[in-house]
Amino acid sequence: MEGQDRQDLGARALSTTPAPIETDALIIGAGPVGLFQAFQLGLLEISCHIVDALPRAGGQCVELYGDKPIYDIPGTPKTTGRGLAESLLEQVAPFKSQFHFGEQIETLARQDDGRILLATHRGTRFMARTVFIAAGVGAFVPKRIAVEGIERLEGTKLFYHPDTESLGRFAGQTVVVNGGDDAAVETALALEPIAKQVTLVHRRDVFQADDATLATLRQRIADGAIRLAIGQPSAFDDAGLTLITPDAQNLVLPFDAIVGCLGISPRLGPIANWGLELVRKQIPVDTEKYETRERGIFAIGDINTYPGKKKLIVCGFHEATLAAWGATSIVFPDKSIPLQYTTTSTRLHELLGVKH
Ligand SMILES: Cc1cc2nc3c(=O)[nH]c(=O)nc-3n(C[C@H](O)[C@H](O)[C@H](O)COP(=O)(O)OP(=O)(O)OC[C@H]3O[C@@H](n4cnc5c(N)ncnc54)[C@H](O)[C@@H]3O)c2cc1C
């Protein structure tokens, strides 16, 4: 890490309120490996916060293959991506790890006292004794609508992939939904009873969703409950969002809000600016503690690399286990930590909240 970075973040720490959240460990990424990292830290009595750019846990398992079967999780002959994420959340629940969803870690800098200061794009800051980068293939972020200047509307009139629970904010509004996959179709259908008017915009009159959902969409369009507009957004102003239609006409759609559902893709993003060594977009680690070249900064799961690395969940679980042990010498410098079994240790039973 560069001295200038340290100074910049140090200066910001002094001038901004509130104070950073102090924690023994900060996990970047709530994919399967980040979740199991929290569990392993919990067994060692290391408290942690977990940050993910997505609004939910599960990483690739939920975003890329939520309903597909997965067969190579030890002791679980068959589950799904989503099922695995749910089991991991249930397993880690006793440790009451604190999750921060919808926040991307933007900056990471070593402080003079050896701790690490991190900040999210929303300004939440953490002062961590150890950091576990479980960032997979990068932060999953929504693809943006490619119209110049439209990012100025984000958070006030432009929303990407909103949660179903947050759709109430569009009550009584004229909403333009942009996208052609199941998320766009389902969002348009969910908004129809809430909003004043819903227009579904896509570059062509072909949508991807299951047959029943598509049939409902076509019926709502035929009923006039949802308006369909085919074209590519090209500009916006107070009058509305301008589309260029397939026959090269301009179509202006008035809106109170625009909802972008153009898909979600991973971006390595800010990790490249943290001063860590990267080899083909991956972070080299040792195979004793899965620590990077920076003391107290561990990298586990798909983001790391070492001789023989395999991007498999089971390998990430092993890495997380040894990384948690690697952190003990930093979090408990004066203690020697004995290995305990969850089957027999009364202390671990206490931590897990189980009675024997
Ligand atoms: C289609 C498909 C099928 C697969 N099937 C299998 C299988 O059968 N068996 C198997 O073992 N593996 C399988 N895999 C691979 C497996 O999904 C990955 O190895 C696993 O998800 C890696 O977990 P992870 O926690 O390291 O990363 P991820 O699951 O990628 O999670 C990383 C998380 O970090 C977050 N993040 C990244 N950067 C930041 C940041 N700066 N700030 C905040 N959050 C951030 C991301 O949003 C993401 O949620 C499959 C992968 C795919 C794509």
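The dialogue below walks through selected features of a predicted model.

User: What are the overall dimensions and the secondary-structure content of the protein?

Analyst: This is a predicted model. The protein has eight helices and 21 strands. Its C-alpha trace spans about 70 × 50 × 35 Å along the principal axes. The accessible surface of the protein is about 17700 Å², and carbon and sulfur atoms account for 50% of that. Of its 356 residues, 49% count as buried.

User: What share of the contacts joins residues at least 24 apart in sequence?

Analyst: Taking contacts between residues at least 6 apart in sequence, 59% join residues at least 24 apart.

User: How do I read a sheet? Which strand order does the five-stranded one have?

Analyst: Read the strands across the sheet, then the sense of the pairing. Here the open sheet runs β10-β17-β11-β12-β13, with parallel pairing. The strands β10 (158–160) and β13 (226–230) each have a single partner strand, so one side of each lacks a neighbour in the sheet. From one strand to the next, the twist averages 20°.

User: How many bridges join β10 and β17?

Analyst: Three bridges, in the parallel sense, join β10 to β17 (residues 257–260). Leu158, for instance, has Ile258 of β17 as its bridge partner.

User: Which helix packs on this sheet, and which strands does the helix touch?

Analyst: Helix α6 (residues 211–223) packs on the sheet and touches β12 (197–202) and β13. The direction of α6 makes about 100° with that of β13.

User: What do the buried residues of helix α5 pack against?

Analyst: List the buried positions, then look for their partners. In α5 (residues 182–191), the residues Ala184, Val185, Thr187, Ala188, Leu189 and Leu191 are buried. The buried residues of α5 pack against β11, β12, α6, β13 and β17. At the start of α5, a side-chain oxygen of Asp181 comes within 3.1 Å of the backbone nitrogen of Ala183.

User: How do I read the ligand site? Which residues come nearest to the ligand?

Analyst: Begin with the surrounding residues, then check polar atom pairs. There are 31 residues around the ligand, and Asp52, Gln60, Tyr65, Ile105 and Asp302 come nearest. An N or O atom in the side chain of Asp52 is 2.7 Å from an oxygen atom of the ligand. For Asp302, a polar side-chain atom lies 2.8 Å from a ligand oxygen. A polar backbone atom of Ala139 is 3.3 Å from a nitrogen atom of the ligand. The ligand taken alone exposes 1000 Å², and the protein buries 85% of that.

User: Why look at the sign of phi?

Analyst: Most residues other than glycine have a negative phi, so a positive value is worth a look. His161 has a positive phi near 40°. It is found in the loop between β10 and β11 (174–178). With a relative accessible area of 19%, His161 is buried. Tyr290, which is not a glycine either, has a positive phi of about 60°. Tyr290 sits in the loop between β19 (283–284) and β20 (297–299). Its relative accessibility is 4%, so Tyr290 counts as buried.

User: Is Asp24 buried or exposed, and what does Asp24 touch?

Analyst: The cut-off for buried is under 20% relative accessible area. Asp24 has 18%, so this residue is buried. Asp24 lies in strand β1 (residues 21–28). Leaving out residues up to four places away in sequence, Asp24 touches Ile46, Ser47, Ala128, Arg129, Thr130 and Val331.

Notes
Residues are numbered from 1 along each chain as its sequence is written. This is a predicted model: local features need pLDDT of at least 70, side-chain atom pairs count only at pLDDT 80 or more; totals for chains, interfaces and linings use all residues. Side-chain values use heavy atoms; hydrogens and water are left out. Two strands pair if DSSP finds at least two bridges between them. Helices (H or I, at least four residues) and strands (E, at least two) are DSSP runs, numbered from the N terminus. Axes are lines fitted to C-alpha atoms, for helices over the stretch in contact, and angles run from 0 to 180 degrees between N-to-C directions. Contact means heavy atoms within 4.5 Å. A residue is near a molecule or strand if one of its heavy atoms lies within 4 Å of it. A polar contact is a pair of N or O atoms within 3.5 Å; within protein, one must be able to donate a hydrogen and the other to accept it, and residues adjacent in sequence count only if both atoms are side-chain atoms. Accessible areas come from the Shrake-Rupley method with a 1.4 Å probe; for residues, only the protein chains shown count as cover. Buried means under 20% relative accessible area, exposed over 50%, partly exposed in between (1.4 Å probe, protein chains only).
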